[in-house]
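Please look over the following model before reading the briefing, which deals with confidence, helix packing and exposed nonpolar surface.

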Amino acid sequence: MIHLLFLVLFGEGAVALLLMVKVGPLRELAMRAVDQVKTGKGPATVKTLACTLTVILMSNVASILKIQNRGLKLGTVSPMDQVLWRTHLLEASLIGYTLFLAFVIDRLHHYLRKLMTLRKTSSTSREEIEKLQMENRSLREKEEKFSSETKKLQREIARLNESMKKLKSETEEHERKASTAEAHVNALQKQSEELLLEYDRLLEDNQILQTQLLSRG
């Protein structure tokens, strides 16, 4: 029994050490071994063994107390009782350490598995954050491109507005010149009509004078 407990204790110590210290792929092997123990009928078997060891531990503690009480009553402890006391104490210590290391291994496996899950989640979140940052960068580039195109269009619109204003002013200038030219033409037509009237009057006067001259002659 003691040899078996020493073997179990050393095995548990090795597993606990591999779980606490990362030595190449050995931690993964230890995690897989504990996973297999925790799957299927493993948990029920472990609980049964733990209950059995707890019963043996309590029996050893009771035997130790019994031997101590007998020694107190007799005032001395026989060599046989001393051997039994040391044997029960060694077994109780080994069982206690075995149960404690089993609990430590269970907690280490639990927290390491949770840590791995958190790392995977963190890695996934980091990838999502990087993806969002890339999308944000792409949107920002599109926004900058759209802003530059908008500014370019605004400059083009401003240039077209200037051209329209210039064309409008030129059109107004042409209309003003056309109006002035039309007024000038009207004035020339009026002057031409007056000249024609004056010419007709002069012709009449000329005819009258010729008639008077002919009548005198």
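The notes below are grouped by topic.

This is a predicted model, and the mean pLDDT of its protein chain is 86, with 99% of the residues reaching 70 or more. The packing of helix 4 (residues 79-216) against helix 1 (2-20) and against helix 3 (residues 42-74) is described after the confidence values.

**Confidence**
- Within the protein chain, the lowest confidence belongs to helix 2, where the mean is 81, while the highest belongs to helix 4, where the mean is 87.

**Helix packing**
- The axes of helix 1 and helix 4 come within 9 Å and cross at roughly 25 degrees; because angles under 35 degrees count as roughly parallel, these two helices are described as roughly parallel to each other.
- Helix 3 packs against helix 4 with the axes 9 Å apart and at an angle of about 150 degrees, which makes helix 3 roughly antiparallel to helix 4, given that the cut-off for this term is an angle over 145 degrees.
- The crossing in which helix 1 passes helix 4 is left-handed, and helix 3 likewise passes helix 4 in a left-handed crossing.

**Nonpolar surface**
- Leu-17, Met-20, Val-21, Val-23, Leu-26 and Leu-29 make a nonpolar surface patch of about 520 Å².
- At least two residues of this nonpolar patch are supplied by helix 1 (2-20), and at least two by helix 2 (26-38).
- Met-20, one of the residues that make the patch, has its place in helix 1.

How values were computed
Residues are numbered from 1 along each chain as its sequence is written. This is a predicted model: local features need pLDDT of at least 70, side-chain atom pairs count only at pLDDT 80 or more; totals for chains, interfaces and linings use all residues. Side-chain values use heavy atoms; hydrogens and water are left out. Patches are made of residues with over 30% relative accessible area and no salt bridge: like charges are joined within 9 Å, nonpolar side chains (Val, Leu, Ile, Met, Phe, Trp, Tyr) within 5 Å. Accessible areas come from the Shrake-Rupley method with a 1.4 Å probe; for residues, only the protein chains shown count as cover. A salt bridge is a side-chain nitrogen of Lys or Arg within 4 Å of a carboxyl oxygen of Asp or Glu. Helices (H or I, at least four residues) and strands (E, at least two) are DSSP runs, numbered from the N terminus. pLDDT is the predictor's confidence in each residue, from 0 to 100. Axes are lines fitted to C-alpha atoms, for helices over the stretch in contact, and angles run from 0 to 180 degrees between N-to-C directions. Angles under 35 degrees count as roughly parallel, over 145 as roughly antiparallel, 65 to 115 as roughly perpendicular and the rest as oblique. A crossing is left-handed if the near helix is turned anticlockwise from the far one by less than a right angle, and right-handed if clockwise.
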